[in-house]
Each structure stands twice: as C-alpha cells, then as structure tokens.
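Thanks for coming. I have one structure to go through today, and I will keep it short.

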Amino acid sequence: FLDSHFDDDGGRRRRTGGSSSYPLRNFTVTKQSVSLHNGKGINGLSYNNHFTQFVSAGADKRILLYDVVKKKVLWSDTVPRSATSSSYSPVRDHFLVGDFGGNISLFDATKDVTKIEKLTTFKIPGSTIWQTEYVPCGGLFVASGTAKGISVFDIASGKIVANYDEGSDVCDSTVVNR
C-alpha cells in the first residue's frame, strides 16, 4: 500500500509523486549518467515549469541541463567553486545556480539550449550558498547560506531588497511586495 493507492473506482494505480497533477516521467539512471558529476555528488536539482528539462548542480563545479524526453544532457558549464543549489524560474526559462564562493549565477535557457547564456551573477560576500529558490512571480528569489539569515533579491535591479537575520523577527527590507 505504501507504493500505490486506489483510485475512485477502487482500482489500484501507481503513485504519481504526491499531490502533483503531473505524472512523473520514467527517467532511467544509467551507469554513464551517474558519472556525469565525476562521482562527487549532486547538490541541487530543479525542473523547469514544463517538466521537460531539469538542471543539476554538482560538487565537481559543473552545471548540467538534461532533457527528460530525450533522456540526455543538453548543455554543461562550470562555476568557480562547487555548485551547491539550483532553482528554475516558475515563469521563464531561466535558472539559478549557487556555489561555495557565495555566487548565485543566473542563466537564460530561452533561446538555444545548447548555448545557454549566463546573464549575471549575484553575490552574498563571505557566504557559501546552500539554497536558492524563486518566488512564484519569478521576479524575486531568496537565497540562504553560511552568512546568517536569508536574502531576497530583485532580479531586474540585481539588488538585495530584504534581509531576514537569524534569530530576529524583524525584516530589514526596502521592497516587500512586488
């Protein structure tokens, strides 16, 4: 019963990944694909909003973009330090990758997925980035790392618009609503 549940007619069906209305695709991991990050570990995975591609961030400093339908790597690049997180935009074909150097790189995958463009790099000085996540509107993202607190970035301006410090109930912000 843990691996399946019953539909409304009482018939048994496969689990489709929690409350998602999108069925999970059958993505076979082969010996070749396991070695894509040189055995150093994958620190971040994020799907695009169509569930046709995902990006992985690896401890080997590599970023890989996969095609779920074709089951292959479309593109790869490196960041200066080990990649620690990834997040796909909910409204655009853009994705973020954080690294151990406190950098958060923004990539554009809207044109040719074999020639993805790095648009800009955001920075949290003196921090390792552990998590990056877009907010639902896609114009802002949040990042957390070894520097205390959480930073909210405005992608258009490239600036931090809010900081939530560890142990504080107060948000130091210039922009809260967008």
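**An exposed lysine, and what surrounds it**

Lys 40 has a relative accessibility of 54%, so it counts as exposed. Before I go on, please keep in mind that this is a predicted model. Where does Lys 40 lie? Look at the loop between α1, residues 31–34, and β3, residues 42–47. Lys 40 also belongs to a patch of positive charge on the surface, where it gathers with Lys 61, Arg 81 and Lys 123.

Now to a strand, β8, which covers residues 94–99. Is β8 largely enclosed or open? Six of its six residues are buried, so β8 is largely enclosed by the rest of the structure. A residue has to be under 20% relative accessible area to be called buried.

A general point helps here. In a regular strand, side chains alternate between the two faces of the sheet. In β8, His 94, Leu 96 and Gly 98 point one way, while Phe 95, Val 97 and Asp 99 point the other way. Residues pointing either way are buried, and that includes His 94 and Asp 99.

Next, the partners of this strand. Which strands pair with β8? One is β7, residues 83–88, which pairs with β8 in the antiparallel sense over five bridges. To find that pairing on the screen, take Tyr 88, whose bridge partner in β8 is Phe 95. The connection from β7 to β8 is a hairpin through five residues.

The other is β9, residues 103–108, which runs antiparallel to β8 and is joined to it by five bridges. Here you can start from Leu 96, whose bridge partner in β9 is Leu 106. The hairpin of β8 and β9 has three residues between the strands, and in that hairpin Gly 102 takes a positive phi near 85 degrees.

That brings me to backbone angles elsewhere. Which residues other than glycine have a positive phi? I will show two examples. Phe 51 has a phi near 60 degrees. Phe 51 sits in the loop between β3 and β4, the latter being residues 53–58. Its relative accessibility is 30%, so Phe 51 counts as partly exposed.

The other example is Lys 71, with a phi near 55 degrees. Lys 71 is in the loop between β5, residues 62–67, and β6, residues 72–78. At 44% relative accessibility, Lys 71 also counts as partly exposed, because exposed would require over 50%.

That is what I have. I can go back to any of these residues on the screen.

Terms used: Residues are numbered from 1 along each chain as its sequence is written. This is a predicted model: local features need pLDDT of at least 70, side-chain atom pairs count only at pLDDT 80 or more; totals for chains, interfaces and linings use all residues. Side-chain values use heavy atoms; hydrogens and water are left out. Patches are made of residues with over 30% relative accessible area and no salt bridge: like charges are joined within 9 Å, nonpolar side chains (Val, Leu, Ile, Met, Phe, Trp, Tyr) within 5 Å. Accessible areas come from the Shrake-Rupley method with a 1.4 Å probe; for residues, only the protein chains shown count as cover. A salt bridge is a side-chain nitrogen of Lys or Arg within 4 Å of a carboxyl oxygen of Asp or Glu. Lys and Arg count as positive and Asp and Glu as negative; His and the chain ends are not counted. The place of a charge is taken as NZ of Lys, CZ of Arg, CG of Asp or CD of Glu. Helices (H or I, at least four residues) and strands (E, at least two) are DSSP runs, numbered from the N terminus. Buried means under 20% relative accessible area, exposed over 50%, partly exposed in between (1.4 Å probe, protein chains only). Two strands pair if DSSP finds at least two bridges between them.
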